[in-house]
Every structure is written in structure tokens, then in C-alpha cells.
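Trainee: Please give me a close look at a single part of this model, the nonpolar core, and then connect that part to what lies around it.

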Amino acid sequence: MGVIEEDLRRHPYPLPSREGSFHNMILGIGTDIIEIDRIQKAIERWGRSFLKHVFHDEEIRYAQKFKFPAQHFAARFAAKEAVYKAIGNNKHLGWKDIKILNDANGKPYCVLSDRKFKHKILISISHTRNYAVASAVIAA
Ligand SMILES: CC(C)(COP(=O)(O)OP(=O)(O)OC[C@H]1O[C@@H](n2cnc3c(N)ncnc32)[C@H](O)[C@@H]1OP(=O)(O)O)[C@@H](O)C(=O)NCCC(=O)NCCS
């Protein structure tokens, strides 16, 4: 692993290089907000076929662990939209090309099906009873 890759792994935010420039650049930002009720209604209407269309099994299992799964489905829905906006010019991305998972601390992260996409994707999620919001940042 090169020095820059090692720095990126350890520091997800801009870090001044020895020359004083920033080598961890922000390339894109995206945000999305969604009414949880919309997702709840889609689940009630189309059930598992809706879930399977939008989410991977790991995402479904994660959300269904909670008392109010729709909040967590809505958050993942918003996070996928936020990643789509942050990437900007890839119209070929589908729902299941973007997977939102959580690490051992609960912190969300994104796995993209496009293995050629080498940039770092940072995700943040929040939800209340009525709304879920997510932001995504692409860093190089
Ligand atoms: C983790 C924590 C920040 C979540 O905040 P919250 O207000 O309870 O819940 P929100 O709806 O805003 O956010 C929930 C989302 O936070 C994200 N999250 C959970 N743990 C996280 C972590 N360790 N780091 C980053 N994001 C985290 C998840 O994406 C979660 O949604 P999901 O389960 O659907 O994926 C909160 O539980 C916590 O630990 N707070 C500690 C705050 C604190 O110590 N403050 C003092 C210093 S400022």
C-alpha cells in the first residue's frame, strides 16, 4: 500500500501532505431526505418484492432486527439516493448496485458493485419517527 492509500485508510478527512496541499480531495457530495411513511406504505403494498427490488438480503436482515424496520429501510433508501447524487454522472447505477451496511460500532458504510470505482464513499444517516436523512461524500 502506498503512502497516500495508507493515509486515506487511516484518515477519511482531508489531510495536509508534507508539501502543504490536500491529497484527500472531496469529489462529490449528495444528500437525500425521505418520509418514512412512503417506505412503510410501499412495504405494506408490495411486501417482500419491494424489499428485494431495492435492498440486499444483508440490508433487509439489518433493518428487520429493529422494532420499526421502516425507519432503517427509509434511511438506506435515502443513503442510496445520496450516493447516486454524490457520484453524479453514473446513470447506470441501480438500487442494488449500492449496498449500505454498518460496521461493528453501527457506523454506516457503502459497498458499490462497480469494482472499478476506487474512491472512498463516506455515509452519514439519521432518522426520526417521520423522516430519514442521509448524506454521502466521495473522497479521492
Ligand atoms: C450512534 C448515535 C450517534 C446515533 O444517534 P441517534 O440520534 O441515536 O440516532 P440517529 O437516528 O441520528 O442515527 C441513527 C444512525 O446513526 C448511524 N450510526 C450508528 N452508530 C454510528 C457510529 N458509531 N458512527 C456513525 N454513525 C453511526 C447509523 O447509520 C444509524 O442508522 P441505521 O441504524 O439505520 O444505520 C448515538 O446513539 C450515540 O452513540 N450518541 C453518542 C453521542 C455522544 O456521545 N455525544 C457526546 C459527544 S458529541
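Mentor: In the largest nonpolar core, which has 27 residues, Ala74, Ala78, Ala79, Val83, Ala134 and Ala136 touch the most other members. A nonpolar core here means a set of buried Ala, Val, Leu, Ile, Met, Phe, Trp, Tyr and Cys residues joined through C-beta atoms within 7 Å, and a residue is buried if 20 or more other C-beta atoms lie within 10 Å of its own, with C-beta atoms placed from the backbone. This is a predicted model, in which local features need pLDDT of at least 70 and side-chain atom pairs count only at pLDDT 80 or more, while totals for chains, interfaces and linings use all residues. Residues are numbered from 1 along each chain as its sequence is written.

At least two residues of this core come from each of α2, α4, β2 (98-102), β4 and β5, and α4 provides the largest share, eleven residues. Helices (H or I, at least four residues) and strands (E, at least two) are DSSP runs numbered from the N terminus. In soluble globular proteins, nonpolar side chains tend to be buried together.

Alanine 136 deserves a separate look. Leaving aside its neighbours within four places in sequence, alanine 136 is in contact (C-beta atoms, placed from the backbone, within 7 Å) with Gly30, Ala79, Ala82, Val83, Ala86, Ile121, Leu122 and Ile123.

Helix α2 (residues 36-54) has Ile36, Ile39 and Leu51 buried, and these buried residues are covered by elements that include β1 (26-35), α3 (57-64), α4, β4 and β5 (131-139). A straight helix of 19 residues would span 27 Å (1.5 Å times one less than its number of residues), whereas α2 spans only 15 Å between its end C-alpha atoms. At tryptophan 46, α2 bends by about 120 degrees, the bend being the angle between axes fitted to the seven residues ending there and the seven starting there.

The ligand brings two of these elements back into view. Its surroundings, taken as residues whose C-beta atom, placed from the backbone, lies within 6 Å of it, are His72, Ala75, Asn102, Asn105, Gly106, Lys107, Pro108, Ile125, Ser126 and His127. The elements giving two or more residues to this shell are α4 (69-87) and β4 (120-127), and β4 gives the most, with three.

For the chain as a whole, buried residues make up 25% of the 140 residues.

Terms used:
Buried ≥ 20, exposed ≤ 12 C-beta atoms within 10 Å, placed from the backbone. Contact = placed C-beta atoms within 7 Å.
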